[in-house]
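Colleague: I'm new to this one and would like to learn how to read it. Could you walk me through it?

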Amino acid sequence: MVPAPEEDVATGVHCNLDRLLADRGLTLARLSELVGVSVVNLSVLKNDRAKAIRFSTLTAICRVLDCTVGELLELDDAR
């Protein structure tokens with residue numbers, strides 16, 4: 001059996017960016033301005049399509065949203 005291509009393998013990490021933005025009354029566009037990351041890149045993260053994230057980006061998002069890394073990212077229980 002041939003393993004699935006890497007891009008098809010789920011990471012088991014879920015991003016709670018949608019919920020955190022809603023809780024804080026922020027839009028993705030506003031977060032983009034505050035963090036200095038493009039809306040497209042934040043959208044990739046928000047929709048669980050990101051393969052990696054820079055620590056500096058992670059830190060900036062958590063500072064702006066006043067949250068911990070564990071509140072932003074979580075492991076799916078299924079894994």
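Modeller: Sure. Let's begin with the whole chain: of the 79 residues of the protein, 28% count as buried. Keep in mind that this is a predicted model.

Colleague: How many helices and strands are there in the protein?

Modeller: You'll find 5 helices and 2 strands. Reading from the N terminus, the order of elements is β-α-α-α-α-α-β.

Colleague: What share of the contacts between residues at least 6 apart in sequence joins residues at least 24 apart?

Modeller: That share is 63%. As for the outside, the accessible surface of the protein is about 5600 Å², with 53% of that belonging to carbon and sulfur atoms.

Colleague: Now the charges. How should I read a salt bridge?

Modeller: Here's the general idea: side chains of opposite charge can pair when their charged atoms come close. The cut-off is a side-chain nitrogen of Lys or Arg within 4 Å of a carboxyl oxygen of Asp or Glu. By that rule, the count here is 3 salt bridges.

Colleague: Which residue forms a salt bridge with D18?

Modeller: That's K46, and the closest N and O atoms of the two are 3.6 Å apart. This pair links distant parts of the chain, as D18 sits in helix α1 (residues 17-24) and K46 in helix α3, 28 residues apart. D18 counts as partly exposed because its relative accessibility is 48%.

Colleague: And R19 and D23, why are they separated by about one helical turn?

Modeller: Because they are 4 residues apart in helix α1. Their side chains meet in a salt bridge, at 3.6 Å from N to O. R19 has 42% relative accessibility, so it counts as partly exposed, while D23 counts as exposed at 54%.

Colleague: Where do E33 and R30 lie?

Modeller: Both are in helix α2 (residues 28-35), 3 residues apart, which is about one turn of the helix. Their side chains form a salt bridge too, at 2.8 Å from N to O. E33 is exposed, with a relative accessible area of 56%, and R30 is partly exposed at 38%.

Colleague: What about charges outside the salt bridges? Which residues gather in a patch of negative charge on the surface?

Modeller: For a patch, look for like charges joined within 9 Å, on residues with over 30% relative accessible area and no salt bridge. Here the patch is D48, E74, D76 and D77. Take D48: find it in the loop between α3 (39-46) and α4 (55-65). Its relative accessibility is 35%, so D48 counts as partly exposed.

Definitions and conventions
Residues numbered from 1 in each chain as written. Predicted model: local features only at pLDDT ≥ 70, side-chain atom pairs only at ≥ 80, totals over all residues. Heavy atoms only, no water. Patch = residues over 30% accessible without salt bridge, like charges linked within 9 Å, V, L, I, M, F, W, Y side chains within 5 Å. Areas by Shrake-Rupley, 256 points an atom, 1.4 Å probe, with all protein chains shown as cover. Lys, Arg positive; Asp, Glu negative; His and termini not counted. Charge placed at Lys NZ, Arg CZ, Asp CG, Glu CD. Buried < 20%, exposed > 50% of the residue type's maximum accessible area, 1.4 Å probe, protein only. Contact = heavy atoms within 4.5 Å.
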